[in-house]
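Open your viewer and get chain B ready for selecting. We will go step by step, from a sheet to the helices around it.

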Amino acid sequence: MNELKRKYIPLRELSILSLTVAMSLGTVLKVLPAPAKPINTDEGQAKLMREVNAGQQSHQLTLKEANRLRKDLAQVARKKAKMLAKNRKLSVEDVAKLKSDVNEISENIHRLELEKRAQSH
Amino acid sequence: MSTTKKIVMVASAVALFVSSLPAMAVAPVSHRSQRQKLSITSNGLNKDGQPIWSSKISVPYRSWIPVEKPSAVLLCVHGLGFSSESFTEFGRRMAGRGFAVYAVDVRGFGEWMKRQGENQVDFEACMLDIESALRTLQKAYPRLPVFLVGESMGGAIALRATSRYPELVSGLIAAVPSSDRYAKLSSELVVGTRYLTGKNKPMNIGPEVMQRATANPKLRAKWEAEPTNRMKMSPKELKQFEDFMKGNQDAAALVANTPVLVFAGFKDKLVKPEGTINLFNELSCQDKLLMIIGDGEHLLLEENQLSDMLATLIVDWVNNEAHSGRPGVRAPQ
């Protein structure tokens with residue numbers, strides 16, 4: 001009987017301990033923000049395309065400007081396709097180059113839109 | 001293992017799972033509210049028997065809806081000179097295979113010809129029409145993938161729409177979307193000369209286009225006799241068409257994630273199959289398929305030119321892509 005008790009008590013303690021650990025881990029996860037999504041140049045390009053479309057529709061970009069920006073986005077897509085064709089996957093340097101190009105287009109969109117807003121005032 | 005231990009372990013697991021739930025990034029789903037608002041019937045028709053999106057959009061269109069619940073939606077865009085009427089046979093056959101088929105009139109063609117002030121070719125307005133149609137169809141069929149289908153100029157329009165609104169398009173089927181035509185230089189010279197002498201004076205492009213597009217005299221006669229077709233266009237409109245088609249390569253490069261099926265007719269004497277192949281190579285997406293139809297002329301989908309083999313291929317491709325589970329493709333339920 002004593003032998004059984006000796007075996008049973010550590011088991012109960014272990015169960016309580018595991019429950020405590022699980023609950024505290026859950027609380028920690030609750031407090032922490034959701035893990036950030038990995039950086040995706042495709043998403044950046046898609047977002048910029050939406051911005052160009054919206055800018056054109058709201059007349060903050062002229063047709064010519066919108067087409068120029070789409071051409072720039074197409075160049076980035078071509079560059080990415082070439083990089084993928086060469087190495088099958090993007091290196092850290094490739095991603096940095098693409099991100100730099102995408103950022104430049106983003107800056108151009110906002111600059112052109114700001115210019116239009118300044119002109120309208 | 002004792003029962004107590006089992007219970008405690010299950011409780012621990014449940015506690016861990018429940019506690020971590022809010023930390024997971026879950027996108028909100030609003031399908032239920034959309035369905036309630038639209039009150040969609042199973043076959044895509046409203047209570048009046050009209051297609052569910054008919055009251056939501058002002059773009060002229062035709063539709064062919066299957067009796068049973070459709071498995072996918074096809075939005076078709078016609079070629080230069082035609083109208084949505086040209087997809088009649090295609091629409092009937094595809095509806096028979098379980099797809100809801102819609103075809104819009106491009107600005108300047110079909111029903112648009114009767115609208116004062118809107119009867120001229122306008123590709124930018126057409127892009128907005130397509131976007132509006134895609135959004136309406138997505139709302140009307142919230143759980144179905146929507147595929148864009150286009151032939152010749154319609155293929156180029158569908159390609160452009162896919163590059164601009166990838167989030168609205170589950171897949172693209174483009175037949176001869178290339179701008180690389182035979183005798184392109186001479187036709188451009190003719191248009192350029194006419195542009196200088198009278199840019200708004202209509203010129204008949206019918207005879208040359210029809211002669212190159214098909215060797216079938218019956219098809220030519222039908223093409224010519226169809227009242228909804230328009231083969232007289234001004235040099236200004238033709239220049240706009242040329243300028244629009246020049247953007248094909250960039251549009252193809254911008255298609256990065258949407259699955260694409262491309263067709264070209266080997267016996268096409270109007271658009272060079274090599275041009276379509278070059279355009280295919282320019283597509284950035286990995287999920288792409290090119291079919292060169294050995295006995296195919298310029299028209300492969302419109303004007304009753306859809307062969308049984310091609311119809312089967314399209315049905316299989318659409319069903320396969322619809323069930324692929326690829327990001328952006330909504331699986332039918």
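Start with the sheet of chain B: seven strands form an open, mixed sheet in the order S1-S3-S2-S4-S5-S8-S9. At its edges you will find strand S1 (61-64) and S9 of chain B; each has a single partner strand, so one side of each is left without a neighbour in the sheet. Look along the sheet and compare strand directions: ignoring direction, neighbouring strands are turned by 15 degrees against each other on average. Keep in mind throughout that this is a predicted model.

**Stop 1: the edge at S1**

Select S1(B) together with S3(B). These two strands pair in the antiparallel sense over four bridges. Add Arg62(B) as sticks, and then its bridge partner in S3(B), which is Ala103(B). Now bring in H3(B), which packs on the sheet and touches S1, S2 and S3 of chain B. The direction of H3(B) makes about 160 degrees with that of S3(B).

Next, show helix H5 (residues 153-164) of chain B, which also packs on the sheet. H5(B) touches S2, S4 and strand S5 (171-175) of chain B, and its direction makes about 145 degrees with that of S4(B).

**Stop 2: strand S2**

Select residues 72-77 of chain B, which make up strand S2. Is this strand buried or exposed? Six of the six residues are buried, so S2(B) is largely enclosed by the rest of the structure. Turn on the side chains and you can sort them into two sets: Ala72(B), Leu74(B) and Cys76(B) point one way, while Val73(B), Leu75(B) and Val77(B) point the other way, and all are buried.

Now look at the strands beside S2(B):

- With strand S3 (residues 99-104) of chain B, S2(B) pairs in the parallel sense over six bridges. Select Cys76(B) and you will see Ala103(B) of S3(B) standing opposite. That is the residue you met as the bridge partner of Arg62(B).
- With strand S4 (residues 146-151) of chain B, S2(B) pairs in the parallel sense over five bridges. Here, Leu148(B) in S4(B) is the bridge partner of Leu75(B).

To see how the chain gets from S2(B) to S3(B), trace it through helix H3 (residues 88-96) of chain B: strand, helix and strand make a right-handed β-α-β unit.

**Stop 3: helix H11**

Move to residues 273-282 of chain B, helix H11. Which of its residues are buried? They are Pro273(B), Gly275(B), Thr276(B) and Leu279(B). These residues cover an arc of only 155 degrees around the axis, which puts them on the same side of H11(B). Turn the helix around: the face away from the buried side carries the exposed residues Glu274(B) and Asn281(B). To see what covers the buried residues, show among others helix H10 (248-254), strand S8 (260-265) and strand S9 (288-293) of chain B.

**Stop 4: zoom out**

Display chain B as a whole, with its 12 helices and nine strands. Of its 333 residues, 46% count as buried. Among contacts between residues at least 6 apart in sequence, 77% join residues at least 24 apart.

Finally, colour by pLDDT. The mean for chain B is 83, and 80% of its residues reach 70 or more. Then select residues 11-43 of chain B, where the pLDDT is below 50; beyond near neighbours in sequence, this stretch has 44 contacts in the model. For the model overall, the scores are ipTM 0.76 and pTM 0.78.

Key. Residues are numbered from 1 along each chain as its sequence is written. Chains are lettered from A and ligands numbered from 1 in the order in which they are written. A residue is buried if 20 or more other C-beta atoms lie within 10 Å of its own, exposed if 12 or fewer, and partly exposed in between; C-beta atoms are placed from the backbone. Two residues are in contact if their C-beta atoms, placed from the backbone, lie within 7 Å. pLDDT is the predictor's confidence in each residue, from 0 to 100. The arc is that of the directions from the helix axis to the C-beta atoms. Two strands pair if DSSP finds at least two bridges between them. A crossover is right-handed if, with the strands pointing away from the viewer, the path from the first strand over the helix to the second runs clockwise. Axes are lines fitted to C-alpha atoms, for helices over the stretch in contact, and angles run from 0 to 180 degrees between N-to-C directions.
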